[in-house]
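Let's take a walk through this fold, starting with how its parts are laid out and ending with the open spaces between them. Keep the viewer open as you read.

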Amino acid sequence: NKVKAAATVLPVSNNASLSRRLGLRHRAGVGISEQSDAISIMVSEETGNISYAIEGKLTQKIQPAVLKDVLVEELSVLEEQS
């Protein structure tokens, strides 16, 4: 329950199927989710749109309530596995 790092450089995804319109923040969000069990959440500076990545799969333009449901589901699965 503590922040372990901030202002870090994350691994950027090399997934060729990602849109060329995606910026570094989204590519890094996908990249960290490809290389770890992290759930990555990105918010666009330009539009305020929320996206998330799990296991290298990017889901874009979601509402906060949907993000909450996804997090509750994903974290409950982790809890059940422990």
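Before we get to how helices sit on strands, one term: contact here means heavy atoms within 4.5 Å. Keep in mind, too, that this is a predicted model.

With that in hand, look at helix 2, residues 64-81. Helix 2 lies across strand 1, strand 2 and strand 3, and its direction makes an angle of about 20° with strand 2. Helix 1, made of residues 24-35, also lies across strand 1, strand 2 and strand 3. Helix 1 runs at about 175° to strand 1.

Now for the sheet those helices lie across. As a general point, strands of a sheet pair through backbone hydrogen bonds, and the pairing can be parallel or antiparallel. Here the sheet is open, has 3 strands in the order 1-2-3, and its pairing is antiparallel. Strand 1 (39-43) and strand 3 (57-62) are the edge strands, each pairing on one side only. From one strand to the next, the twist averages 20°. If you zoom in on strand 1 and strand 2 (residues 50-54), you'll find antiparallel pairing over 5 bridges. For a concrete pair to click on, try Val 43, whose bridge partner in strand 2 is Ile 50.

Next, the open spaces. How much space lies in the largest pocket? About 440 Å³. Its lining counts 14 residues, and those that lie nearest the centre are Arg 21, Leu 22, His 26, Ser 44 and Gln 60. Helix 1 and strand 3 are the elements that give two or more residues to this lining. Sorted by class, the lining of the largest pocket comes out as 8 polar, 5 charged and 1 nonpolar residues.

The second largest pocket holds about 190 Å³ of space. Which element gives the largest share of its lining? That would be helix 1, with 5 residues. Strand 1 also has a part in it: helix 1 and strand 1 each supply at least two lining residues. Among the residues to highlight are Leu 24, Arg 25, Ala 28, Gly 29 and Ile 32, along with Ser 40, Ile 41 and Met 42. Thr 8, Val 9, Leu 10 and Val 12 line the second largest pocket as well. By class, this lining has 8 nonpolar, 3 polar and 1 charged residues.

Terms used: Residues are numbered from 1 along each chain as its sequence is written. This is a predicted model: local features need pLDDT of at least 70, side-chain atom pairs count only at pLDDT 80 or more; totals for chains, interfaces and linings use all residues. Side-chain values use heavy atoms; hydrogens and water are left out. Two strands pair if DSSP finds at least two bridges between them. Helices (H or I, at least four residues) and strands (E, at least two) are DSSP runs, numbered from the N terminus. Axes are lines fitted to C-alpha atoms, for helices over the stretch in contact, and angles run from 0 to 180 degrees between N-to-C directions. On a 1 Å grid over the protein atoms alone, a cavity is a set of points where a 1.4 Å probe fits but cannot get out, and a pocket is an open set with protein on both sides within 12 Å along at least five of seven lines; lining residues have an atom within 4 Å of a point. Grid points are joined across faces, edges and corners, and a volume is the space filled by probe spheres set on the points. Ala, Val, Leu, Ile, Met, Phe, Trp, Tyr, Cys and Pro count as nonpolar, Asp, Glu, Lys and Arg as charged, and the others, Gly among them, as polar.
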